Amino acid sequence: MTDMRIDGVETVIVDIPMRRAHRFARAGMSAQPVLYVFVRTSGGVTGVGEGVVPGGPWWGGESVETMQVIVEKYLAPVMLGRRVDEVPAILRDCADVVAANLFAKNAVDTALHDAWARHLDAPVHTLLGGALRSSVPVTWALGAETADVVADEALEKLDSGLHASFKLKMGALDPAADVARVVSVTEKLASVAGVRVDINARWDRLTSLTHLPALAEAGVEMVEQPVPGDDVDAMAAISAALPIPVMADESLRTPADALRLARTGAAGIFAVKTTKSGGLRACRAIGEVAAAAGIPCYAATSIESPIGTAASLQTACTNPATAWGSELFGPLLLAEEMLVEPLVYDTDGLHLPTGPGLGVELDPAKVRAFRRS
Ligand SMILES: [Mg+2]
């Protein structure tokens, strides 16, 4: 066995151009900043992880800049000199040094898993207990533009055969106008594609109870996070009032959150992201809670580049509860391919790569080309 001791931790920020600007309720982005974390071992193996947030700190308070400081100044010293297969112990010690900062910890957790798996010449999913599937369907996320614009984009995507359902962002408009817009899109796509909506915690309980029934009636399949993440009581009340499932995203970060949501009946579906949860191990625990509670999971995205997408995919394919597919379309939004060999998307969805580690290789020339400084 080659030497698994960690002798180097390096970070690089890249700004990857996007095919089109992606809009959220209060934020937008035309390039995606990504922090790559490289963990090197004395045995000559390098693992890579990705720190990424959807366009800025609006979602969870972290950004690539905060992650770089946290990793370089506080987490790297915890890792150096340790064996890369001591992931649980390293993560525990990281948690003793740094509270919260789960997006930064995800980058470290992913890099450690990638390096560990490469030492074993095994895919990361083997370390997570083995894959239950070899691909996941991929929903396409539409932006917050007008009904005509997003319906046209949806129909174009349907023609490609890569996507059979769509998620619309809500919360940028007055609720009544926003509902009218989504009802219009849902009608245009009726019987050809499923429509889901993400309100990104912009509404309160009363607004949700007033306006969401019209969406359910129009045929929307699922409503994601209508109210702020910590308002689990409102999530439960809305779940009880609607005939369609409510998906928890901002409300679900840790396995303890998963347990609380399951116990209170506050979520019909879990949006699982390695980013917001601090990595692959936490997602595995969330998947086990979900499976035990009979709650289906959805592999959600923070608009990862292919590295973070591969980490999410490895996780989703081992999660026994992944029944609502995924939105792992991050690489399809980017204008540049960051890998030597791209991830494979086809009519079955996104395919789990078979190689060691994350199963993908970053293209060093692309990292140099889009490096911020
Ligand atoms: Mg969301």
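Three exercises with worked solutions follow.

This is a predicted model, where local features need pLDDT of at least 70, side-chain atom pairs count only at pLDDT 80 or more, and totals for chains, interfaces and linings use all residues. Residues are numbered from 1 along each chain as its sequence is written, and side-chain values use heavy atoms, leaving out hydrogens and water.

**Exercise 1.** Determine whether Asp249 is buried or exposed, and find its side-chain partner in a polar contact.

Step 1. Asp249 lies in the loop between β9 (246-248) and α9 (255-264).
Step 2. Its relative accessibility is 1%, so Asp249 counts as buried (under 20% relative accessible area; exposed is over 50%, partly exposed in between; 1.4 Å probe, protein chains only).
Step 3. The side chains of Asp249 and Lys276 share a polar contact of 2.7 Å (a pair of N or O atoms within 3.5 Å, one able to donate a hydrogen and the other to accept it; residues adjacent in sequence count only if both atoms are side-chain atoms).
Step 4. Beyond neighbours within four places in sequence, contacts of Asp249 (heavy atoms within 4.5 Å) include Trp59, Asp198 and Glu224.

**Exercise 2.** Classify the ring pairs Tyr36–Phe38 and Trp59–Phe103.

Step 1. The structure holds 3 aromatic pairs (ring centres of Phe, Tyr or Trp, the last by its six-membered ring, within 6.5 Å; planes under 30 degrees apart are stacked, over 60 edge-to-face, the rest tilted).
Step 2. Tyr36 and Phe38 lie 6.5 Å centre to centre, with 50 degrees between the planes: tilted.
Step 3. For Trp59 and Phe103, the centres are 6.0 Å apart and the planes at 70 degrees, so this pair is edge-to-face.
Step 4. Both Trp59 and Phe103 are buried.

**Exercise 3.** Find the ring beneath the charged end of Lys157.

Step 1. The ring belongs to Trp140; the charged end sits over it, 4.0 Å from its centre (NZ of Lys or CZ of Arg within 6 Å of the ring centre and within 35 degrees of the ring normal).

Definitions and conventions: Helices (H or I, at least four residues) and strands (E, at least two) are DSSP runs, numbered from the N terminus.
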